[in-house]
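Here are my notes from a first pass through the model. Have a look at the sequence and the fold, then see whether you agree.

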Amino acid sequence: MAPVADHSTDTVLNARADARAQGGQVSDWMPYLPASTSPFCPDDVDPESLTWAETVAPGSYTHKVLARGTRFRLEDPTGEACAHTLVYNALEPTERLNVADTQKIPWQAYLGAGHPLLSGDGRVLATILTDTSGRHDAFCGTSTAAWNALRYGTALPEGPAPAGRDLFVKAAAKHGLGPADVPPSVSFFQGVRVAEDGSFDWFGSSGAGTSVELVAELPLIVLIANVPHPRDPRPEYIVGPLRVHAWRTPETTPTTPADERFDASPEVRRAYLNTLDYAEARGL
Amino acid sequence: MTTTIDNPVMRPVTTIPVPVTTYLTPDGQLVSSVPVGASYADGSPLEWGDPLVPGAVVLDEQVAPRASWSGVVRAGQVLTIVDVGGNQSGDCLLYNAHHTDERYSAPDTLAWQDNAYIRTGTVLRSNLGRALMTVVGNEIDRQDTIGGACSRESNTLRYGHHVMYHHGCRENFLTEGAKHGLGMRDIVSNINWFMNVPVEEDGALGIVDGMSAPGKRVALRAEIDTLVLISNCPQMNNPCNDFNPTPLRMIVSEPDVDYEADA
Ligand SMILES: [Zn+2]
């Protein structure tokens, strides 16, 4: 991007006119406001029900507080996105994603449809409802500046190879959370599998046009950093845009005993019971 | 409703090419799909300057366009900031290096001196009214502490949501502050070295073309040990950097004992 010189900004009035002339434009990556105006509203979603619509730039991040029961869908339009994700109980953010419990309690290392994202407090923060990718990861977390400096020769947050953790730190700060509040994260759309000897086999993307949809089981702070998976073997820093849509209707409720997934396993049933108990007591 | 994949491993994969750019890094070149913002145009005049006060140089660092910087200036030391490319806003926050709850206060600075602009002699005061630093040298008419810092969020108000992904000074302050245990609540109204924000007779206020030039300097003497945060403003939508982000040079010197400051 070359600097722009065709501006007249010598007086306050001219500077104001110059700034205002920039309004009304669109870019490839931006939030759409109101969300109902999203040019990429999913076919099966009523645009009027949208509460969050955004295309996240490669190497950028987004964050939102979502009401309990909100559905949110992450889409990978190019097959190159990697949505590093953290969720917190928005009411008490010391309750946050616990990756170890998320893998251990369901007896399943690989994220997919039906998988709960568990907090360290025995509750379900979000449930993965649908998954057309099947290539996700809960082992490797996100990249750090030290890792990216090693892999790409640079890791500056304002540069061509920002680290996921550094983006999380900024996103967390915007909710009053500090660097100590950024725990291990999960990532969607770029997968690894554990080989017999323990090494990580790179499975990468499942291709363009896949999505995962989640439901917020409690009011959530959602942080997403869209950066390459730390085990992406390519020497280039390649990550595609990420689409995010969230919506709420009378039908979009948190998981209840009427849902099949409530009883998917004895462990997850108790996790949902804990979550409902918390919500009931708090009057949610 | 639930979609399951029988065999994700065998699924044929088609990805759509994402546009990439080649960037220069300390290690060579990097191909990246990140839409990094602008840096200064080839051939831009750069004047790296010298310390504004005589003395032994204890630190001398460059701040790349768009980047952040921080450092502690010990009591008695002088920080010279060089506007290497001219009219490059150096957004700046100051903290008591030992107790960061005490930090730069624009209103205290202005009210104590009964003037809306920073000039030679201005005492940069804390939220407790104490002197953090004193401007002992200044080569442009006036410096700004009214215009605040740009951010991804305020850029959506000023220009529109299409620029929200652009880098901003609040991002730099968060990045640099996190290295010192500082977060969102520690970002207060800041100073903008080499930026021009006039308040006109009818109250009109805004960022207009700067009055600085390549090599112009400001010098700050620390009155107590002061943590200095700098965001070399990456803004590409207003004239706070001439729409041409250039480097800054930060020089800390131990002034000669017989040196007489202007202030
Ligand atoms: Zn700025």
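How many disulfides does the structure hold over all chains?

1. Zero, counting over all chains. Bear in mind that this is a predicted model. Two cysteines are worth a look anyway: A:Cys41 is buried, because its relative accessible area of 18% is under the 20% cut-off. B:Cys150 is buried too, with a relative accessibility of 10%.

2. Next, strand β8 of chain B, residues 131-138. Seven of its eight residues are buried, so the rest of the structure largely encloses this strand.

3. One partner of β8(B) is strand β7 of chain B (residues 123-125), which pairs with it in the antiparallel sense over three bridges. Within this pairing, B:Met133 of β8(B) sits opposite B:Leu124. The two strands make a hairpin, with five residues between them. Check B:Gly129 in the turn: its phi is positive, at about 80 degrees.

4. β8(B) also pairs with strand β10 of chain B, residues 216-222, again in the antiparallel sense, here over five bridges. If you want a register marker, B:Thr134 has B:Arg221 in β10(B) as its bridge partner.

5. Over on chain A, there's a nonpolar surface patch of about 240 Å², made by A:Phe139, A:Val194 and A:Phe200. A:Val194 belongs to strand β9 of chain A, residues 191-194. Is A:Val194 buried or exposed? Neither, strictly: A:Val194 counts as partly exposed because its relative accessibility is 36%, and that class runs between 20% and 50%.

Notes
Residues are numbered from 1 along each chain as its sequence is written. Chains are lettered from A and ligands numbered from 1 in the order in which they are written. This is a predicted model: local features need pLDDT of at least 70, side-chain atom pairs count only at pLDDT 80 or more; totals for chains, interfaces and linings use all residues. Side-chain values use heavy atoms; hydrogens and water are left out. A disulfide is a pair of cysteine sulfur atoms within 2.5 Å. Buried means under 20% relative accessible area, exposed over 50%, partly exposed in between (1.4 Å probe, protein chains only). Helices (H or I, at least four residues) and strands (E, at least two) are DSSP runs, numbered from the N terminus. Two strands pair if DSSP finds at least two bridges between them. Patches are made of residues with over 30% relative accessible area and no salt bridge: like charges are joined within 9 Å, nonpolar side chains (Val, Leu, Ile, Met, Phe, Trp, Tyr) within 5 Å. Accessible areas come from the Shrake-Rupley method with a 1.4 Å probe; for residues, only the protein chains shown count as cover. A salt bridge is a side-chain nitrogen of Lys or Arg within 4 Å of a carboxyl oxygen of Asp or Glu.
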